[in-house]
Amino acid sequence: MTNPLISGTDKNDLAFRTMTNALKPNSALVLFSGGQDSATCLAWALERFDHVETIGFSYGQRHIIELDCRGKLLDGIRAISGEWKKRLGENHTLDIPTLGTISETALTRDVAIEMGEGGLPNTFVPGRNLVFLTFAAALAYRRGIAHVVGGMCETDYSGYPDCRDDTIKALNAALNLGMDRTFELHTPLMWLDKASTWALAGKLGGEALIDLIREQSHTCYLGERGARHDWGYGCGKCPACDLRAKGWREYRPTSIRADSAP
Ligand code: ZN
């Protein structure tokens, strides 16, 4: 049915918007913060999808250093594989400072990291992953991307309820209903511990990717990059450094055995 209110030019514009909003099935958008997990997820997506874009959020976090690591990580990813370089598309940064304004946490306020009520550390930012994934889906909608990839993990985590597999599945259903799309949320690290995440990076990109993640990714909650440990940079004491270091120590002996196998 023709709409008399739409002029010829508007009709063309409408057709253009419909075309650009159409789903490109083999494209993915990766939540890319610049940490170990999201760098591994990016490599995972680059192995599976023809076109991969990345998204990061400036949400009023105390230490923006993680986001600053992304440029060097992306350069390194392009240098590792010509195929990855071809597939890697735009890197988006979304400014959502309201989340930091309303969050009373150790990642958004100058307070010490400690356990809060109910066994949750005060590094938990309520709603963070829900907001991130919703914004990611909204951007994916506009760019015609069907697959959204995040590094949420239920195995080796700090008890954050928005990292749980059930949360992601429920949100996937809500996004598909609410945007009338068939998004697929992927969480390749969901059932891996940190040692297995290192191993996955090694499987996807060999020692080159392991070295890149050690050198350029950032995990430390305190935003420290002064001291270089064998697992990378960080204070070495906060829960995020602890997890990363523990995973590295468990992974490296396995890796050495695998390297020396015939
Ligand atoms: Zn740390």
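The points below comment on a predicted model, taking the sheet, the zinc site and a few individual residues in turn.

1. The sheet. The five strands of the open sheet are arranged in the order 3-2-1-4-5, and their pairing is parallel. Strand 3 (88-95) and strand 5 (184-186) form the edges, each of them pairing on one side only. On average, and with direction ignored, neighbouring strands in this sheet are turned by 25° against each other.

2. Packing on the sheet. Helix 4 (residues 70-80) packs on the sheet, where it touches strand 2 (51-58) and strand 3, and the direction of helix 4 makes about 170° with that of strand 3.

3. Strands 1 and 2. Strand 1 (residues 24-31) pairs with strand 2 in the parallel sense, and five bridges connect them; within this pairing, V30 has T54 in strand 2 as its bridge partner. Strand 2 is largely enclosed by the rest of the structure, because seven of its eight residues are buried.

4. Strands 4 and 5. On the other flank of the order 3-2-1-4-5, strand 4 (residues 145-149) runs parallel to strand 5 and is joined to it by three bridges. A reader who wishes to locate this pairing in the model may look for H147, which stands opposite E184 in strand 5.

5. The zinc site. The zinc ion is coordinated by the SG atoms of C220, C235, C238 and C241, at 2.3 to 2.4 Å. The arrangement is tetrahedral because the four donor atoms subtend angles of 106 to 116° around the zinc ion. For reference, the ideal angle for four tetrahedral donors at a metal is 109.5 degrees.

6. Where the zinc donors lie. Along the chain the donors follow the spacing C-x14-C-x2-C-x2-C. The pair C220 and C241 links distant parts of the chain, 21 residues apart, with C220 in the loop between helix 9 (194-216) and strand 6 (228-229) and C241 in helix 10 (residues 239-260). C220 counts as buried because its relative accessibility is 5%, and C241 likewise counts as buried, at 1% relative accessibility.

7. Cysteines and disulfides. The number of disulfides in the structure is zero, a point to keep in view when reading the zinc site, where C220, C235, C238 and C241 each contribute an SG atom to the coordination of the ion. Another cysteine, C69, has a relative accessible area of 8% and is therefore buried.

8. Q36. This residue is placed in helix 2 (residues 36-48), and it counts as buried because its relative accessibility is 2%, under the 20% cut-off. Leaving aside residues up to four places away in sequence, Q36 touches K194, T197, W198, I213, S217, H218, T219 and R244. Among these contacts, R244 falls in helix 10 (residues 239-260).

9. V131. Is V131, a residue of helix 7 (residues 128-143), buried or partly exposed? With a relative accessible area of 27%, V131 is partly exposed, because the partly exposed class lies between the cut-offs of 20% and 50%. The C-alpha atoms of V131 and I96 are separated by 9.3 Å, and these two residues lie 35 residues apart along the chain.

Notes:
Residues numbered from 1 in each chain as written. Predicted model: local features only at pLDDT ≥ 70, side-chain atom pairs only at ≥ 80, totals over all residues. Heavy atoms only, no water. Pairing = 2+ DSSP bridges. Helix = DSSP H or I, 4+ residues; strand = E, 2+ residues; numbered from the N terminus. Axes fitted to C-alpha atoms, helices over the stretch in contact; angles between N-to-C directions. Contact = heavy atoms within 4.5 Å. Donors = N, O, S within 2.8 Å, 3.2 Å for Na, K, Ca; no water. Tetrahedral: all angles 85-135°; square planar, octahedral: opposite > 155°, others 65-115°. Buried < 20%, exposed > 50% of the residue type's maximum accessible area, 1.4 Å probe, protein only. Disulfide = S-S within 2.5 Å.
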